Structures are given as C-alpha cells and as structure tokens.
Amino acid sequence: MSVKIIATDLDGTLMSPDHLTVSERTKAALNAAHDKGIKIAIATGRALKFTKGVTDQIPFVDYVICSNGASVYDRKAEKFIYTNLISPEITAETVNLLKTLPVYYNVYINGENYVQLGSDKFFVNSGLPTEFLEEFAANLIVCDDISVSTAGCGSELIDIFYADSETKKTVFDFLEEKGLFMTSSLAGVVSANAVGSDKGTALKGLCDILGLTADEAMTFGDASNDATMLEYAYYSFAMENGDEICKSKARFPAPSNADDGVAQMIEKYAL
C-alpha cells in the first residue's frame with residue numbers, strides 16, 4: 001500500500017544535529033510528499049509551544065503529536081483533538097516532591113512548559129548546543145511557585161533532568177508507584193507520562209480518525225520514546241544515530257539525521 005501519512009520525531013531525527021534546523025533537502029522531501037496528498041505529522045517530546053520554530057520552517061505540517069503523545073494538535077483547526085493527561089492529583093504530588101529535591105524538572109500543561117524559579121542551578125547540560133538551550137529557555141514559563149501556577153491542572157508530561165543516583169532513585173520509585181510511563185528522548189532526561197500516553201497510541205488514534213491503516217503510515221525515530229510509533233507503522237525507520245531500543249522496534253534502518261536520513265527514505269519509499 002502507498003504511504004498516506006508521515007510521522008517523524010524531531011530531535012535526533014528530523015532536525016539537523018543543532019536541534020534547530022530542518023535541512024533544505026528535508027524540507028523539499030516533506031513538501032513534495034504533502035503536495036502528493038500525504039499528511040504530515042511531527043511527533044515529539046516537546047511541548048506544543050516549543051515546536052513553533054520547526055513549523056515556521058515547514059508550515060505545511062498538518063498535525064503535531066506533542067509531549068510524547070499526550071496531546072495531538074490539529075494545526076488547520078487550531079485546536080487539540082486528543083489529550084491523555086497525568087491527573088491533577090498526581091501532578092501536584094509529583095511537583096511537591098520535586099520541589100524538595102536537588103533536581104531540574106519541567107511540567108508540561110496545555111502546550112506550555114512550566115519551571116520552578118531557581119531550579120536552573122541543578123541543570124546539567126548533556127551536550128546540547130547552546131543555541132538550542134537558549135531557544136528552549138525562551139519558551140519556558142518560570143514560576144515563583146510552580147505548585148501555585150499548576151494547581152488543579154493535569155499535566156501532559158513531566159521531564160526530570162540529570163540527578164544524582166539517590167535523587168534519581170527517589171524520583172523513579174515515586175513515579176513507578178504512581179503508575180506513570182517513563183521513556184527518554186535525550187541523554188540525561190527522563191519523561192513521565194500517563195499510562196497509554198505514547199506516540200504510537202496517539203498516531204494510531206490519528207490514523208483511525210483519518211481512516212488510515214498502519215500499512216499506510218511511515219514513521220521515523222531515534223530514541224526509546226519513539227518505539228511505540230515505530231512498532232505501529234509498517235514503514236518504520238530507526239535513524240543510524242538512534243539507540244538500540246529504537247532500532248529493535250523499527251522495520252527498516254535510515255541514515256543519520258546529519259545525513260538527511262528522513263529525506264532519503266521519503267524520496268525512496270513515499271515519492
């Protein structure tokens with residue numbers, strides 16, 4: 001069957017190694033696919049607001065699967081068409097715990113990214129480019145008291161960054177006790193979502209709405225949070241720079257993001 005929808009991860013996959021740029025070849029391949037009638041979705045661990053720099057470069061994107069699949073945004077309708085949130089109660093309990101620990105963390109709510117004022121002193125850069133971190137910081141909502149700012153809200157995702165082993169165990173034990181689903185999109189970052197909140201579930205739901213099957217879906221990823229999406233689609237590609245979990249779930253290999261792997265596979269299999 002022919003490809004009817006392409007869903008691609010961003011960092012380490014669609015984006016160049018700077019995490020900011022979509023290459024000209026990749027833009028052209030996606031645009032040609034879209035002109036052919038193929039739906040285009042980006043599927044990312046980022047909050048919706050932090051995808052604007054990407055959609056400014058590829059404005060024809062139809063859907064954004066964000067926060068690791070916790071939300072799906074229809075760009076034409078300008079609204080969320082799906083959400084699966086961590087409950088307000090568990091969100092509040094998690095935030096209250098994290099506030100007491102020497103750890104940097106983010107809480108994603110309604111497409112925005114919340115952070116506690118002063119927690120940046122615990123941030124450790126795992127090798128991300130300075131320009132990317134500056135754009136990331138520009139999209140944050142910095143809270144005097146994150147408990148107050150997020151009170152009563154369910155969260156799409158909670159990111160926990162590098163922590164010492166004792167802190168990490170405390171946080172992980174708590175998240176497991178609460179039944180949250182944990183994956184990683186970048187080295188040194190662990191993301192917690194509600195059970196059933198993942199890229200594969202979100203993509204399947206989107207395909208069901210569009211009347212498409214897994215055999216008509218093409219997906220690209222590089223990390224463990226892409227695994228369910230790669231398992232779902234027939235045309236699933238793990239980037240050469242991807243981790244072993246990702247590679248074990250994909251049907252096909254793709255060249256690295258630095259070599260325009262997404263563009264090369266779209267040109268070969270979809271165009």
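Start by selecting methionine 218 in this predicted model. Setting aside its neighbours within four places in sequence, methionine 218 is in contact with Val3, Ile5, Ile6, Ala7, Ala233, Tyr235, Phe237, Met265, Ile266, Tyr269 and Ala270. Show those side chains too, and keep them on screen for a moment.

**The largest nonpolar core**

Which residues touch the most other members of the largest nonpolar core? They are Ile6, Leu14, Ile58, Met218, Phe220 and Ile266, out of 31 residues in that core. Now colour the elements that each supply at least two residues of it: α1 (10-14), α2 (24-35), β2 (39-43), β3 (63-66), β12 (217-221), β13 (235-239) and α11 (261-269). Zoom in on α11, because this helix gives the most, with four residues. There is also a second, separate core of 21 residues, and Ile86, Ile146, Leu175 and Ala194 are among its members. As background, nonpolar side chains in soluble globular proteins tend to be buried together.

**The eight-stranded sheet**

Switch to a cartoon view. Follow the strands in the order β5-β4-β3-β2-β1-β12-β13-β14: that is an open sheet of eight strands with mixed pairing. β5 (79-83) and β14 (252-254) stand at the edges with a single partner strand each, so one side of each has no neighbour in the sheet. As you step from one strand to the next, the twist averages 20 degrees.

Take the β14 end next. Here β13 and β14 pair in the parallel sense, over three bridges. Select alanine 238 and you'll find proline 253 in β14 standing opposite.

Now hop over to β3. Which of its residues point one way, and which the other? Tyr63 and Ile65 go one way, Val64 and Cys66 go the other, and all are buried. On to the partners of this strand:

- With β2, the pairing is parallel over three bridges, and isoleucine 42 stands opposite valine 64 in β3.
- With β4, the strands run antiparallel and four bridges join them, with isoleucine 65 opposite valine 72 in β4.

β3 and β4 also make a hairpin with four residues between them. Click on serine 67 in that turn: its phi is positive, at about 50 degrees. Then click on asparagine 68, in the loop between β3 and β4 (71-74). Asparagine 68 has a phi near 65 degrees, a positive value in a residue other than glycine. Is asparagine 68 buried or exposed? Its relative accessible area is 3%, so asparagine 68 is buried.

Before you leave this sheet, bring in helix α8 (residues 199-210). This helix lies across β1 (5-8), β2, β3, β4, β5 and β12. Against β1, α8 runs at about 160 degrees.

**The six-stranded sheet**

Time for another sheet. Trace β8-β7-β6-β9-β11-β10, and you have six strands in an open sheet with mixed pairing. Which strands stand at the edges? β8 (140-143) and β10 (181-183) do; each has a single partner strand, so one side of each is left without a neighbour in the sheet. On average, neighbouring strands here are turned by 25 degrees against each other, direction ignored.

Inside this sheet, select β9 (residues 157-160) and β11 (residues 190-193). They pair in the antiparallel sense over three bridges. Isoleucine 158 stands opposite alanine 192 in β11.

Next, look at the loop between β6 (105-109) and β7 (112-116), where asparagine 110 lies. Like the asparagine you just visited, have a look at its backbone: asparagine 110 has a positive phi of about 50 degrees although it is not a glycine. With 59% relative accessibility, asparagine 110 counts as exposed.

**Two helices to finish**

Turn on helix α4, which lies across β6 and β9 and runs at about 160 degrees to β6. Then add helix α7 (residues 165-177). How do α4 (residues 88-98) and α7 pack? Their angle is about 170 degrees, and their axes are 11 Å apart. The two helices are therefore roughly antiparallel to each other, since an angle over 145 degrees counts that way.

Finally, show the side chains where they meet. On the α4 side, pick Glu93, Thr94, Leu97 and Leu98; on the α7 side, pick Thr170, Val171, Phe174 and Leu175. Sorted by class, this contact has five nonpolar, two polar and one charged residues. One of the α7 residues here, Leu175, also belongs to the second core of 21 residues.

Technical notes:
Residues numbered from 1 in each chain as written. Predicted model: local features only at pLDDT ≥ 70, side-chain atom pairs only at ≥ 80, totals over all residues. Heavy atoms only, no water. Axes fitted to C-alpha atoms, helices over the stretch in contact; angles between N-to-C directions. Parallel < 35°, antiparallel > 145°, perpendicular 65-115°, else oblique. Contact = heavy atoms within 4.5 Å. Nonpolar A, V, L, I, M, F, W, Y, C, P; charged D, E, K, R; others polar. Core = buried A, V, L, I, M, F, W, Y, C linked by side-chain atoms within 4.5 Å. Buried < 20%, exposed > 50% of the residue type's maximum accessible area, 1.4 Å probe, protein only. Pairing = 2+ DSSP bridges.
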